[in-house]
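Hi everyone, thanks for coming. I'd like to walk you through one structure today, so please have the viewer open and follow along.

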Amino acid sequence: MQFEGKCALITGAASGMGLKFSESWAAEGGNVLMCDVNGDVLREKAEEIDKKGPGHALACLCDVREYTQVRAARDRAVEAFGSIDIAVSFAGGTAVRVRQVDRAKYPEFPDVPIEVFDWGLDVNLRAQLYVAHAVMGQMREQKSGLVVNIGSITGEEGDGYGVEYGTAKSGAMAGLTKSLAQYGAKYGIRCVCVSPGPVLTRPAMANMKTLVGRAADPQEIVDLILYIASDKGSFINGTNIMIDGGRGAMGHWN
Ligand SMILES: NC(=O)c1ccc[n+]([C@@H]2O[C@H](COP(=O)([O-])OP(=O)(O)OC[C@H]3O[C@@H](n4cnc5c(N)ncnc54)[C@H](O)[C@@H]3O)[C@@H](O)[C@H]2O)c1
């Protein structure tokens, strides 16, 4: 019950790690505003979590690419739960994987419609700044809070297919995280980026190699973020934490 009475604003909460985080947070007594574009699934999952308790869960239809919707989500969280103690931007993904297209059949960079790159940069990068901008006003009043950005090992590696993804999850994410941590320091607000390697939110991720010989269970990433949010994690700030089974340390001989 370590998060009893605390409020989390979670984007991408209808699926994968965002959903797992919402479940875990509520299981520890926290309240959660679950934001996603996938309304039907979101409502169903939020009802399940709320029923199970002990924390409360509310569904909030929100396209994170639209700042007015992100602001509305912020207002809804504060209205319902009285504060925002943590915001995590799980909403995102790469068009190659979201569309579950075989890489060999995916069009080459100049042949992919430019709108795909607009979408990828908006949802993976711009939206994380939108979330931070919306919640940090509230956190400034509270004089506390944690903003968690979600990066990816792909930001280090690049991706000749998901060019928008390799770009959005790259150094820009680290710069955003450091900048927000610098701004937030005088108000007791921390900002941390968590960058997973392959995570089994979809089975195909098992094909990506790591030094430990497997992809991550989504709960392993969620547990790291819960630790950062806990009292024990309070010294972690302004940094990017890779959680990738050693994939980033693999040599060309692996
Ligand atoms: N799964 C992996 O292997 C992996 C590895 C590294 C990083 N990540 C990152 O972690 C995050 C979560 O990944 P996941 O695998 O759990 O994802 P997922 O695909 O299971 O869930 C993503 C959720 O985001 C929602 N979403 C998409 N666009 C949205 C928008 N515009 N507004 C609001 N919600 C939107 C989707 O509806 C979905 O519910 C993503 O940012 C992803 O890029 C994933």
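**Around the ligand, then outward**

Let's start with the ligand: the residues of the shell around it divide into 13 nonpolar, ten polar and three charged. Before going on, please keep in mind that this is a predicted model. There are 26 residues around the ligand, and the ones that come nearest are Gly12, Ser15, Gly16, Gly92 and Thr201. Which element gives the largest share of that shell? That is helix H1, residues 16-27, with three residues.

So let's stay with H1 for a moment. The helix has twelve residues, and from its first C-alpha to its last it reaches 17 Å, close to the 16 Å expected at 1.5 Å a residue. Is H1 largely enclosed or largely open? Ten of its twelve residues are buried, so the rest of the structure largely encloses it. If you want to click through them, the buried ones include Met17, Leu19, Phe21 and Trp25, and also Lys20 and Glu23. What covers these buried residues includes strands E1 (7-11), E2, E3 and E4 (86-89), together with helices H2 and H9 (218-229). After H1 comes Gly29, which has a positive phi, near 95°.

Next, please turn to the strands. Strand E2, residues 31-36, runs parallel to E3, and five bridges join the two. As a landmark, look for Cys35, which stands opposite Cys60 in E3. Add helix H2, residues 39-52, and you have a right-handed β-α-β unit made of E2, H2 and E3. Strand E3 covers residues 57-61, and four of those five are buried, so this strand too is largely enclosed by the rest of the structure.

One residue in E2 that I'd like to show you is Asn31. Is Asn31 buried or exposed? Asn31 counts as buried, because it has 24 C-beta neighbours inside 10 Å, and the cut-off for buried is 20 or more. Leaving out residues up to four places away in sequence, Asn31 touches Cys7, Gly55, His56 and Phe81. For a sense of scale, the C-alpha atoms of Asn31 and Gly137 are separated by 19 Å, and these two residues are 106 apart along the chain.

Now over to E4. This strand is covered on both faces: Ile86 and Val88 are buried on one side, and Ala87 and Ser89 are buried on the other. Which strands does E4 pair with? E1 and E4 run parallel and are joined by four bridges, with Ile10 standing opposite Val88. E4 also pairs in the parallel sense with E5, residues 145-150, over three bridges. There, Ile86 stands opposite Leu146.

I'll finish with two spots in the backbone. As background, most residues other than glycine have a negative phi, and most peptide bonds are trans. Where does this model depart from that? The peptide bond from Gly53 to Pro54 is cis, with omega near -5°, and Pro54 sits in the loop between H2 and E3. The second spot is Lys143, which is not a glycine and yet has a positive phi of about 60°. You'll find Lys143 in the loop between helix H5 (114-142) and E5. Lys143 is exposed, because 10 other C-beta atoms lie within 10 Å, and the cut-off for exposed is 12 or fewer.

That's my tour, and I'm happy to take questions.

How values were computed: Residues are numbered from 1 along each chain as its sequence is written. This is a predicted model: local features need pLDDT of at least 70, side-chain atom pairs count only at pLDDT 80 or more; totals for chains, interfaces and linings use all residues. A residue is near a molecule or strand if its C-beta atom, placed from the backbone, lies within 6 Å of it. Ala, Val, Leu, Ile, Met, Phe, Trp, Tyr, Cys and Pro count as nonpolar, Asp, Glu, Lys and Arg as charged, and the others, Gly among them, as polar. Two strands pair if DSSP finds at least two bridges between them. A crossover is right-handed if, with the strands pointing away from the viewer, the path from the first strand over the helix to the second runs clockwise. The expected span of a helix is 1.5 Å times one less than its number of residues. Two residues are in contact if their C-beta atoms, placed from the backbone, lie within 7 Å.
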